[in-house]
Amino acid sequence: MTSPQSTARPTPGATAPEEYDVIVVGAGPTGENVADRTAAAGLRTVIVESELVGGECSYWACMPSKALLRPVAALADARAVAGSREAVGGGALDPAAVLARRDSFTSHWQDDGQVRWLRDTGIELVRGHGRLAGERQVTVEAEDGGERLLVARHAVAICTGSRPVLPQGVPGLADARPWTNREATGSPTVPRRLAVVGGGVVGVELATAWRALGSQVVLLVRGGALLPRMEPFAGELVADGLRAAGVDVRFGTEVASLERRAADGDDAPEVTLVLGDGERLTVDEVLYATGRAPRTADVGLEQVGLHPGGWLDVDDSCTVLGIDGHWLYAAGDVNHRALLTHQGKYQARITGAAIVARAEGRSLDTARWGAHAASADSAGAPQVVFTHPEVAAVGLTLDAAERAGLRVKAIDHDLGAVAGASLYGDDYTGRARVVFDLDREVLVGASFVGPGVSELLHSATVAVVGEVPIDRLWHAVPAYPTISEVWLRLLEGCRG
Ligand SMILES: Cc1cc2nc3c(=O)[nH]c(=O)nc-3n(C[C@H](O)[C@H](O)[C@H](O)COP(=O)(O)OP(=O)(O)OC[C@H]3O[C@@H](n4cnc5c(N)ncnc54)[C@H](O)[C@@H]3O)c2cc1C
Ligand SMILES: NC(=O)c1ccc[n+]([C@@H]2O[C@H](COP(=O)([O-])OP(=O)(O)OC[C@H]3O[C@@H](n4cnc5c(N)ncnc54)[C@H](O)[C@@H]3O)[C@@H](O)[C@H]2O)c1
């Protein structure tokens, strides 16, 4: 490996520069996987983390939210089948047991296990806030104010993720102390009344979870649909499911102002929301699920000529654009290509491979689907929304495919008409769609909505990402009697 000479000089108050091959800033799932790849290739790798090793995903996002949602699906599945329905009766979830299981999935917000994994993998950990200090240089400010200067012989990877974004200019919002994903995945108690603002993935999943745990939930959606980036029937069926569970779903509604004050005759503070039409709603907590912003405001981007606070623009190898020397990478949420843990981990593997190739003096293979191109981010990023019913989708929606100029047709099928689905649950309701590219005769998108469809998704991901010709897909036989048999009807529709 080549080892460029460091030109770093200690900044005032900092200790002597410490040299590594690779510095990763942010130890979420993405940063961990970049570090894993570079360490596995023999590069001396250090990872910098300001909070918990494991990132948002492990403690305040994917894991706790799915731990809250899994019991909802398990109970719904038991209720959907005569025989087990009688066994579980009409009882509700046991909130204490669900919250305790959630706590164990977050390791009680302790990262010892992840730290052990870093050590066993040969990755060094520096705790503190990382900032770029110049080319290949990162300063780390520890909680006690101490500062260290790290210097990378080869690469720095920014994997600092994203944070919740709240709308600007809403009177009373800050004083209302709204829940973000952190409180909404970590709350030790169940609020009696919860308002959820935002009809995206976070909004619908957490409305589902807290309703099932006993909260009265009102979901306030600015637009006219839930999950607006997915096939329209996904949002429609999820809205039906939320309403059937007792959630008050309201479209075309904006929150004009909020006020938090003590409830009459009670010390528990409550929040009053004034809606656009003047209606007043009083709840115990309000969750804002209104999107994400990059955690780049304070990572020293200005030191390397970039604008702080924005998403980091990268090429397909996750190399940051506008930086000379190919030493700065950005992967995961922070580059805004696909805000999903699995895509972050995928980008991490591509980033790690690119760093190693450049360190070894090899050129990159950045052709589409090449070893150093995260092509699947745009072509085939799968996503599961763990609501009841579930939504599982990969690739392009019909609308997105048409907007991209493809000549496509959509083939839809009622999942309830599939033998495996009717065995899965009595009165099973669901729908499937594939988007078929008529010119290339491959699938460019697939969406499934219904109970238990999440595990169907990888077959569709293989078909879309693998660009499997429809004539060959015809021979991929789904087992009888599974929900996957819907593929037979979908493929008939492509050929017909
Ligand atoms: C409620 C919710 C549920 C979700 N559920 C799913 C799901 O089911 N499936 C899915 O695929 N995705 C899900 N996501 C999205 C997923 O959480 C993110 O895509 C994923 O966490 C991104 O990983 P990351 O490593 O890029 O960033 P993060 O997980 O945000 O990690 C970034 C890390 O960098 C650290 N950091 C930041 N700045 C600095 C700094 N200056 N110095 C040192 N360290 C720093 C942070 O402390 C953090 O540990 C969910 C998101 C939310 C909000
Ligand atoms: N199961 C999963 O894969 C999963 C689960 C949760 C989150 N995530 C990821 O996390 C990311 C963030 O999710 P999210 O739901 O916060 O963001 P989002 O962008 O998916 O949805 C935010 C919604 O809030 C609405 N909104 C924005 N400003 C508003 C305002 N002022 N008032 C009312 N509504 C407003 C938007 O129109 C949008 O529909 C997503 O990109 C998603 O991929 C994934």
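**Two ligand shells and some strands**

Author: Let's start with ligand 1: the shell around it has 12 nonpolar, 18 polar and six charged residues. Keep in mind that this is a predicted model.

Reader: Okay, so which residues come nearest to ligand 1?

Author: There are 36 residues around ligand 1, and G26, G28, G55, G161 and G332 come nearest. What makes a glycine like these count as polar here is simply the rule, which puts Gly among the polar residues.

Reader: Which elements supply at least two residues each to that shell?

Author: Quite a list: the helices α1 (29-40), α2 (55-60), α3 (62-79), α7 (181-186) and α10 (341-359), plus the strands β2 (45-49) and β4 (129-134).

Reader: And what surrounds ligand 2?

Author: Ligand 2 has 23 residues around it, with P167, G198, G200, V202 and L339 the closest. Two elements, α8 (201-212) and β17 (383-385), give two or more residues to this shell. The largest share, four residues, comes from α8. By class, the shell around ligand 2 splits into 11 nonpolar, eight polar and four charged residues.

Reader: Where does α8 lie?

Author: Helix α8 lies across β8, β9 and β14, and runs at about 165° to β9. Angles here go from 0 to 180 degrees between N-to-C directions.

Reader: What makes β8 and β9 a pair?

Author: Two strands need at least two bridges to pair. Strands β8 (residues 193-197) and β9 (residues 216-220) have five bridges, in the parallel sense, so they count as a pair. One example is R193, whose bridge partner in β9 is Q216.

Reader: What sheet do these strands belong to?

Author: An open sheet of four strands, in the order β10-β9-β8-β14, with parallel pairing. Its edge strands are β10 (248-250) and β14 (285-288), each pairing on one side only. On average, neighbouring strands in this sheet are turned by 15° against each other, direction ignored.

Reader: Next sheet! Why are β11 and β13 said to stand at the edges?

Author: First the layout: three strands form an open sheet in the order β11-β12-β13, with antiparallel pairing. Both β11 (255-262) and β13 have a single partner strand, so one side of each is left without a neighbour in the sheet. The twist averages 20° from one strand to the next.

Reader: How do you know that β12 pairs with β13 and with β11?

Author: Count the bridges, with two as the minimum. Strand β12 (residues 269-275) is joined to β13 (residues 280-283) by four bridges, and the two run antiparallel. For β11 and β12 there are seven bridges, also antiparallel. Both counts reach the minimum, so both are pairs. You can look for V274 opposite R280 in β13, and V255 opposite L275 in β12.

Reader: What lies between β12 and β13?

Author: Four residues; the two strands form a hairpin, and G278 in its turn has a positive phi of about 95°.

Reader: Why is G322 called exposed?

Author: The cut-off for exposed is 12 or fewer other C-beta atoms within 10 Å. G322 has 11, so it is exposed. You'll find G322 in the loop between β15 (292-294) and β16 (328-330). Its C-alpha is 8.5 Å from that of G305, and the two residues are 17 apart in sequence.

Reader: Last one: what does the UniProt record say about residues 382-487?

Author: The unreviewed UniProt entry annotates them as "domain: Pyridine nucleotide-disulphide oxidoreductase dimerisation". In this model the span is 25% helix and 30% strand, and its end C-alpha atoms lie 17 Å apart.

Note on methods. Residues numbered from 1 in each chain as written. Chains lettered and ligands numbered in written order. Predicted model: local features only at pLDDT ≥ 70, side-chain atom pairs only at ≥ 80, totals over all residues. Near = placed C-beta within 6 Å. Buried ≥ 20, exposed ≤ 12 C-beta atoms within 10 Å, placed from the backbone. UniProt positions renumbered as here; feature names shortened; annotations may be inferred. Contact = placed C-beta atoms within 7 Å.
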